Amino acid sequence: MTRAQRHVSRRRFLRGAGGVAIGLPFLLAKEGDTRAQGNEPPQRLVTLFFGNGLPKVLSEKGFDSPSLAALKPFEAKLTMIRGINVYATGLGNGHTMGSMGFACGMDSTRADTKGGPSLDWVAYKETGAATPLPTLSTGVYGADDSQERMRIVHSWRAVRQPNEPIQDTLLLFNQLFGGRTAGPGGDPAKQAKGRASVLDAVIQEYKTVMSDAGGYSPAIRTVIGEHLEHVREMERRVLAQAMAATTAGGTCPAPEAPPALDVLKEKRVANWDKAWPIMVDLYVLALRCDLVRFGNLMVISGGDRFPFTTPFGSVANVHSDVYHRWPGQNGAILIEAVKWQMAKIAELFAKLDDPSYKEGNGGTLFDNTTLVMGTELGEPASHKRDDMTFWVGGGKFKRGFHDLTKVSDVDLYNTVLRGMGIDAKFGDMRYFKGLLPILA
């Protein structure tokens, strides 16, 4: 590759020992070089799931609904669609069936799988992306029922072929950057302390890239240096959390004391609040570096149970004590639960829409990534899956609030694919009535 070819490359990877590959961002676009402006960003699609449902009344004012206030700053870039029916009627209750249908649109005769490939996987296959990872899933949730995987897993290659979500931030970092702990087995805290940085594995190529022989301008070298410092800082954060997780609860002298707790698997909102920002930063970094283009993020799985505290009171089980009692009891706590979920999703949106990082077409990652967001129920107490609210971001769709009637989730998913220029039929076509009027 000539110096000129290296200089105009939209992306590249630093590759080092043990197969470690660290992606670099859109260097020319970041610098503002006009030669990058003709480079269209790749097709991407990420689904976002939030669990336990959204009562219809909480979305009746569109983006002005108080429970959805966290999404208001992104109104100009979102398409909000109300009135979608989910027809999946396989095994289990409404939580199971609604989760089964999300980003799939298919029934299933088994409790441990969705009925077919998910939306992100079909988009990955149809676009022919050649990224290091085909898909990436992560999120915060408390469910651990191995028999109902469709509640927890929202990225599937096919029936009984899940793309499991990564719940531990250190594992997520390692999945992206190939990091390794210092030796097999042993104490996790000691392993974290002794772990070599993934950047050490690519140091020789880094030195070449940053030298005059690398062919990059001083401005580009500055961008590379800032990017790798970002990677190093993310590594510090996840290692610090991993070490904290190994000691949490492990020093109690009582005979019945549990072993060391995994802070991310303990069903506590406070723990999820710590993990989510790291997950978001890593996910956005993965998209920016083209390590992956498709996948799923989740804020609570379908029918999740966990304690929840608000200014209006505390409950031991938000599922049964709040959602199942809607609207008669604990309505204010349910609204706070929805607000909490929307705030988490808004954190992701803000990172994706960071104006300091622009791609070759001048848009942000938010502008250039198709986002599909929804839940499993329209009415939590009755478990109905009618008149549900979904959102679409990025891509070529009409923005604003669209109150539709008698349309299906399969209509929505096929519309999303058409908006990406993909003609593949998706989901159970018995429920396909036509494309939704949201294509720009």
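In the predicted model, helix H6 (residues 169-177) packs against helix H10 at an angle of about 10°, the two axes lying 10 Å apart. Angles under 35 degrees count as roughly parallel, and H6 and H10 are therefore roughly parallel to each other. On the H6 side, the contact is formed by Thr169, Leu172, Phe173, Leu176 and Phe177. Helix H10 contributes Ala275, Ile278, Met279, Leu282, Leu285 and Ala286. Sorted by class, the residues of this contact comprise 10 nonpolar, one polar and no charged residues.

The largest nonpolar core of the model contains 77 residues. Within this core, the residues with the most contacts are Phe177, Phe349 and Trp391. Helix H10 (residues 269-288) gives the most to the core, supplying 13 residues. A second core, separate from the first, has 39 residues, among them Val86, Leu119, Ala123 and Met420. Phe177 thus appears in two settings: in the contact of H6 with H10, and among the residues with the most contacts inside the largest core.

Trp391, also named among the residues with the most contacts in that core, belongs to strand E12, where Thr389, Trp391 and Gly393 point one way. Met388, Phe390 and Val392 point the other way from E12. In a regular strand the side chains alternate between the two faces of the sheet. Residues on both sides of E12 are buried. Strand E12 spans residues 388-393 and is mostly covered, with six of its six residues buried.

Two strands pair with E12. Strand E4 (residues 78-85) pairs with E12 in the antiparallel sense, over six bridges. In this pairing, Ile84 has Met388 of E12 as its bridge partner. Strand E11 (residues 370-374) is likewise antiparallel to E12, and the pairing runs over three bridges. Here the bridge partner of Val372 is Val392 of E12. Met388 and Val392, the partners named in E12, point one way from the strand together with Phe390.

A further position examined was Thr208, which is located in helix H8 (residues 203-209). Thr208 has a relative accessibility of 45% and therefore counts as partly exposed; the range for this class lies between the buried limit of under 20% and the exposed limit of over 50%. With neighbours within four places in sequence left aside, Thr208 is in contact with Ala213 and Gly214. In contrast to the partly exposed Thr208, Thr389 of strand E12 is buried.

Conventions. Residues numbered from 1 in each chain as written. Predicted model: local features only at pLDDT ≥ 70, side-chain atom pairs only at ≥ 80, totals over all residues. Heavy atoms only, no water. Buried < 20%, exposed > 50% of the residue type's maximum accessible area, 1.4 Å probe, protein only. Helix = DSSP H or I, 4+ residues; strand = E, 2+ residues; numbered from the N terminus. Pairing = 2+ DSSP bridges. Core = buried A, V, L, I, M, F, W, Y, C linked by side-chain atoms within 4.5 Å. Axes fitted to C-alpha atoms, helices over the stretch in contact; angles between N-to-C directions. Parallel < 35°, antiparallel > 145°, perpendicular 65-115°, else oblique. Contact = heavy atoms within 4.5 Å. Nonpolar A, V, L, I, M, F, W, Y, C, P; charged D, E, K, R; others polar.
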